[in-house]
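User: Could you take a close look at the ligand site in this one? I'd like to know what lines it and how the contacts look.

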Amino acid sequence: MTQHKTNTHWWQEAVVYQVYPRSFQDSNGDGIGDLAGIIQRLDYLKHLGISAIWLSPVYRSPNDDNGYDISDYEQIMSEFGTMADMDQLIQEAQKREIKIIMDLVVNHTSDEHPWFIESRSSKANPYRDYYVWRKGLNGETPNDLESTFLGSAWQLDEGTGEYYLHLFSKKQPDLNWENPSVRNAIYNMMNFWIDKGIGGFRMDVIDLVGKIPDQKITGNGPKLHDYLQEMNAETFGGKDLLTVGETWGATPEIAKLYSDPKRNELSMVFQFEHVGLDEEPGKSKWDLRPLQISELKKVFSKWQTELGDQGWNSLFWNNHDLPRIVSRWGNDRTYRVQSAKMLAILLHMLKGTPYIYQGEEIGMTNRVIHDITEIEDIESKNMYADRVEKGYSKREILTAINTKGRDNARTPMQWDNTKDAGFTTGTPWLAVNENYHEINVAKDLADKNSIFYTYQKLIELRKKHPLIVWGSFELVEDTAEEIFAYYRHYQNESWLIVCNFSDQEQVFSLDETPTETIIANTQKTYTRLSERTLDPYESFVVNLASSVN
Ligand code: GLC
Ligand code: CA
């Protein structure tokens with residue numbers, strides 16, 4: 001194949017792996033994952049085949065929100081190691097052709113950041129305007145803006161008698177992006193990291209930085225895109241780094257604003273439309289309803305087709321904030337292996353950059369807790385307190401946490417069958433999921449039919465076939481609701497991807513005669529596709545050779 005695309009980027013062909021450092025690998029027995037631990041596991045990641053690691057925050061932090069509350073952007077959290085370890089991680093990764101994507105948390109800092117300590121010290125302090133301070137209204141908060149972690153987003157600071165804004169916890173005061181000194185300080189810090197040779201940034205809740213709190217505008221504020229264009233020009237512009245924004249409210253139209261190459265903002269955004277499909281509209285993430293496969297198909301097709309050349313998709317099921325996908329939309333009991341592979345095939349055959357969250361590649365599951373004392377996550381703890389007060393039963397609340405709580409994703413990585421899954425020789429900061437005897441990396445590596453090898457093969461296929469990276473997407477419309485099938489077309493080739501998204505057999509029929517099976521989660525052969533009965537969660541990709549287009 002000789003077609004050459006102009007203006008292509010390494011990150012369009014990449015698969016990214018997210019590491020949550022606290023839970024990945026402990027190297028010194030203190031029960032907390034660390035940078036040296038990640039270095040020990042780089043060969044494993046190389047074997048999987050990924051091109052970049054998105055590292056959740058490793059900066060100095062008092063850990064009110066596990067590192068998403070930063071007290072020094074240019075120092076490493078002491079539990080994780082030193083800056084020398086960080087430099088070594090970047091170098092060791094580079095040797096294996098793996099880039100390090102840093103988590104950029106600049107909507108807020110920790111209240112222990114020197115800027116905030118100065119800022120709160122007096123109204124006349126030069127750092128006062130680094131944060132968002134307002135006077136109270138008749139002895140009350142300035143307005144009724146709420147924090148994502150519940151309660152008012154305004155906190156009274158006794159010292160100066162004013163309120164500061166925190167869209168997350170009280171220990172995460174929001175930076176004032178309207179202040180050019182704040183923006184400059186952030187750009188300098190970003191350049192400090194770029195000079196170290198990192199591969200890019202994942203930008204935490206970046207859609208909030210243009211907020212106008214007095215008008216209760218938080219997401220997608222009017223200056224947001226000006227700020228991002230300025231950031232691009234002052235930092236990573238022209239350097240071909242991967243930049244991905246976390247944007248909860250993005251529609252395809254909004255996503256184009258961020259990722260249209262002509263606008264010089266970001267490479268891509270994480271859009272969350274599919275993530276909300278099993279939640280009651282207009283309510284919270286804790287209020288659940290069953291997923292409709294038809295809606296999932298609609299949302300994915302929309303994003304696949306509407307971004308066009310004016311943007312780029314990110315593809316993900318999981319991250320450190322979301323429950324494990326095999327427990328959520330697969331089946332983590334009878335069909336764990338089969339459904340995990342189906343979910344992998346479905347996602348990795350789409351157009352965009354796929355992200356794998358640690359442990360997803362071996363089908364790690366949610367874990368079950370019986371008491372709130374087993375929870376570390378601030379979001380779950382705050383929700384528990386709030387709902388107990390509102391009269392919900394404890395059983396009901398724990399069910400919600402077991403289904404959607406963020407600690408589901410944060411239990412330690414399951415490496416092998418030894419004590420605490422080989423994560424630590426000490427006491428893990430968060431208990432290991434008890435199923436580690438059955439679900440672990442060593443076991444998957446020893447079984448050529450494991451979930452791990454499906455992921456490995458999907459990554460390999462993406463490197464080999466431009467069709468996966470560049471081909472167009474077309475949904476197959478006339479299938480059973482539970483079957484998610486689509487084509488990818490590129491030059492004169494078409495592939496067909498078929499996934500049974502259910503624990504029941506389904507009949508699939510299409511008048512196509514494949515020439516070759518690319519990947520499947522069965523040992524079947526796929527020659528004629530009319531009137532086939534698919535097993536629960538069966539999934540396959542076939543080459544139809546000549547293109548319909
Ligand atoms: C993002 C992070 C989440 C964090 C929040 C505040 O949503 O992914 O973990 O709690 O921002 O920084
Ligand atoms: Ca450690």
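Analyst: Here's a walk through the site, from the pocket down to individual contacts, with a quick word on the domains at the end. Keep in mind that this is a predicted model, so every distance below is computed from predicted coordinates.

Let's start with the space itself: ligand 1 occupies the largest pocket. Around ligand 1 there are 14 residues, and the closest of them are Asp65, Asp204, Glu246, His320 and Asp321. If you sort that shell by chemistry, you get 7 charged residues, 3 polar ones and 4 nonpolar ones.

Now for the polar contacts, where three side chains are worth pulling up in your viewer. Asp321 puts a polar side-chain atom 2.5 Å from an oxygen of ligand 1. For Glu246, the distance from a polar side-chain atom to a ligand 1 oxygen is 2.8 Å. Arg202 also takes part, with a polar side-chain atom 3.1 Å from an oxygen atom of ligand 1. As for burial, ligand 1 on its own would expose 310 Å², and the protein buries 96% of that area.

To place all this in the chain, look at the domain split. Domain 1 comes in two segments, 10–108 and 180–456, while domain 2 covers 114–165 and domain 3 runs over 472–544. Arg202, Glu246 and Asp321 carry numbers that fall in the 180–456 segment of domain 1. Between the centres of domain 2 and domain 3, taken over C-alpha atoms, the separation is 56 Å.

Notes: Residues are numbered from 1 along each chain as its sequence is written. Chains are lettered from A and ligands numbered from 1 in the order in which they are written. This is a predicted model: local features need pLDDT of at least 70, side-chain atom pairs count only at pLDDT 80 or more; totals for chains, interfaces and linings use all residues. Side-chain values use heavy atoms; hydrogens and water are left out. Domain bounds come from an automatic or database domain assignment. A residue is near a molecule or strand if one of its heavy atoms lies within 4 Å of it. A polar contact is a pair of N or O atoms within 3.5 Å; within protein, one must be able to donate a hydrogen and the other to accept it, and residues adjacent in sequence count only if both atoms are side-chain atoms. Accessible areas come from the Shrake-Rupley method with a 1.4 Å probe; for residues, only the protein chains shown count as cover. On a 1 Å grid over the protein atoms alone, a cavity is a set of points where a 1.4 Å probe fits but cannot get out, and a pocket is an open set with protein on both sides within 12 Å along at least five of seven lines; lining residues have an atom within 4 Å of a point. A molecule sits in a cavity or pocket if more than half of its atoms lie within 2 Å of its grid points. Ala, Val, Leu, Ile, Met, Phe, Trp, Tyr, Cys and Pro count as nonpolar, Asp, Glu, Lys and Arg as charged, and the others, Gly among them, as polar.
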